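Let's take a friendly walk through this structure, one stop at a time. Keep the picture in view and follow along as we go.

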Amino acid sequence: MQHEENSKIWTKRFISLFLTNISVFFVFYGLVTTLPLYAIGELHQTDKEAGLLLSGFLLSAIIVRPFSGKLLDVFGKKMLLVLSIAGYFLCTVLYLFIHPFGLLLGLRFIQGIFFSIITTAAGSLAADIVPTKRKGAGLGYFTMSTNLAVVIGPFVGLLLIQYSSFNVLFIVMSICIVAGGILAATVNTDDLPKPAHQGKLTFKLNDLFERKALPTAAIASLVAFSYASVLSFLSVYAQQKGLMAIASLFYAVFAAAMLITRPYTGKLYDTRGPQFVIIPGIISFAIGLVMLAFVAGPVLFLSAAIFIGFGYGAVTTSLQALAVQSTALQRSGYATATYFTMFDLGIALGSYILGIIAVQAGYGAVYLTGAGLLVVVFIIYVMRLAKIKTKHVTGDIRF
């Protein structure tokens, strides 16, 4: 295959997929950051109800994701990618017209379905396009598109609602998705291998979950639960603390900490083992959440972003690698789907439960709860996953 013989990663179609993924996650992170403010300020909902906007979105993604791998094989990755982006765009436009909170929750649920298929399809196509000998490096670069969206989405979203309106925000995001859809449609997949069972829509338990990846994925779900405190409530918390002016800067520092440290943590993972990355990462993440709980000014606020960015990036990337390495190479796609299913579940539950805690005890308690859960993760990992031997792993995972 031509795409395997060529060792170049940054081909035209890889760049198109890279930019498509940015557009999708730009909308995801932009809405996650701003919709709680929209629900509380414009729709007069409580903090708990605002948390449901992410939980409902992720609930549908969780339900669909286990089936998405097989659906892509049956109907074609590119076709489902483009069609799902069209649905994702339609949902984004509808934010302009749907104002009753119940209908908004329904819209979020439907959009989550398209998001699940898009992210699975884009990631799978990227894996197919990247040359075999450079899979690790290529997929590592591809994940940077998500990291960039972590910055761009909240940064642009918060600026737009500060200096314009929510309607302008929804219009800008709709335009961004159109651009992503056009780029996705240009990706040439004619030379990519076709699955043997294309056209046969039958499901077995093995098509839904990778059993060997479940222990690691379960740990990841607890980490995601803690991360929901940042993902769902940081903008509201910053507003309460009078730090809204630098809330967008938090995400920039957060992402910078992830991107700058990733090459070093990846090398450390490969040469010394996952425990040398995961354990410091858990500790750093927990410290950052404790700092957030006691924020009184911009210095501590942005310092927390550094600790959380390094910790979150180190832990989640390493756990994803462990999940993939836990099974055979031909099952890596199913292991990845299992990992993200559990991760989404953790964020969904965290958004809902931490929203209740926010109402009852305030946001300081939310971040202390997240830090406490990371202590539990630390104990579980030291007792169980640190004992896993990686010398029998098939494949070369880099990030």
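F276 sits in helix 10, which covers residues 275-293. In this predicted model, is F276 buried, partly exposed or exposed? Its relative accessible area is 34%, and because buried means under 20% and exposed means over 50%, F276 counts as partly exposed. You can also look for T265, which is 11 residues away from F276 along the chain. The C-alpha atoms of F276 and T265 are separated by 8.6 Å.

Now step back to take in the whole protein. How many helices and strands does the secondary structure hold? There are 13 helices and 0 strands, so that, read from the N terminus, the order of elements is α-α-α-α-α-α-α-α-α-α-α-α-α. Of the 399 residues in the protein, 54% are buried. The accessible surface amounts to about 16600 Å², and carbon and sulfur atoms account for 68% of that surface. Contacts also reach across the sequence: counting those between residues at least 6 apart, 85% join residues at least 24 apart.

Let's turn to the inside. The largest nonpolar core contains 120 residues, and F250, L292 and Y367 are the ones with the most contacts inside it. Helix 2 supplies the largest share of this core, with 16 residues. To see the surroundings of one of these residues, find F250. Setting aside residues up to four places away in sequence, F250 touches V230, L234, L292, F301, L302, A304, A305 and I308. L292, another residue with the most contacts inside the core, is thus on the list of residues that F250 touches.

Nonpolar residues can be found on the surface too. W10, I15, L19 and Y141 form a nonpolar patch there, and together they have about 330 Å² of accessible area. Y141 belongs to helix 6, which runs over residues 135-163. With a relative accessible area of 33%, Y141 is partly exposed.

The next stop is a charged pair. The structure holds 1 salt bridge, and it is formed by the side chains of R65 and D344, with 2.9 Å from N to O. Where along the chain do R65 and D344 lie? R65 is in helix 3 and D344 is in helix 12 (residues 332-361), so this pair, 279 residues apart, links distant parts of the chain. Both R65 and D344 are buried. As a general point, side chains of opposite charge can pair when their charged atoms come close.

Helix 3, which spans residues 47-75, also holds S55. S55 has a relative accessible area of 10% and is buried. A polar atom of the S55 side chain lies 2.8 Å from the backbone oxygen of A348. Leaving out residues up to four places away in sequence, S55 touches A348, S351 and Y352.

Finally, look at the loop between helix 2 (12-42) and helix 3, where you will find Q45. Is Q45 buried or exposed? Its relative accessibility is 18%, and because buried means under 20%, Q45 counts as buried. The side chain of Q45 has a polar atom 2.9 Å from the backbone oxygen of L43. Apart from neighbours within four places in sequence, Q45 is in contact with A39, I40 and F101.

Technical notes: Residues are numbered from 1 along each chain as its sequence is written. This is a predicted model: local features need pLDDT of at least 70, side-chain atom pairs count only at pLDDT 80 or more; totals for chains, interfaces and linings use all residues. Side-chain values use heavy atoms; hydrogens and water are left out. Helices (H or I, at least four residues) and strands (E, at least two) are DSSP runs, numbered from the N terminus. Buried means under 20% relative accessible area, exposed over 50%, partly exposed in between (1.4 Å probe, protein chains only). A polar contact is a pair of N or O atoms within 3.5 Å; within protein, one must be able to donate a hydrogen and the other to accept it, and residues adjacent in sequence count only if both atoms are side-chain atoms. Contact means heavy atoms within 4.5 Å. Patches are made of residues with over 30% relative accessible area and no salt bridge: like charges are joined within 9 Å, nonpolar side chains (Val, Leu, Ile, Met, Phe, Trp, Tyr) within 5 Å. Accessible areas come from the Shrake-Rupley method with a 1.4 Å probe; for residues, only the protein chains shown count as cover. A salt bridge is a side-chain nitrogen of Lys or Arg within 4 Å of a carboxyl oxygen of Asp or Glu. A nonpolar core is a set of buried Ala, Val, Leu, Ile, Met, Phe, Trp, Tyr and Cys residues joined through side-chain atoms within 4.5 Å.
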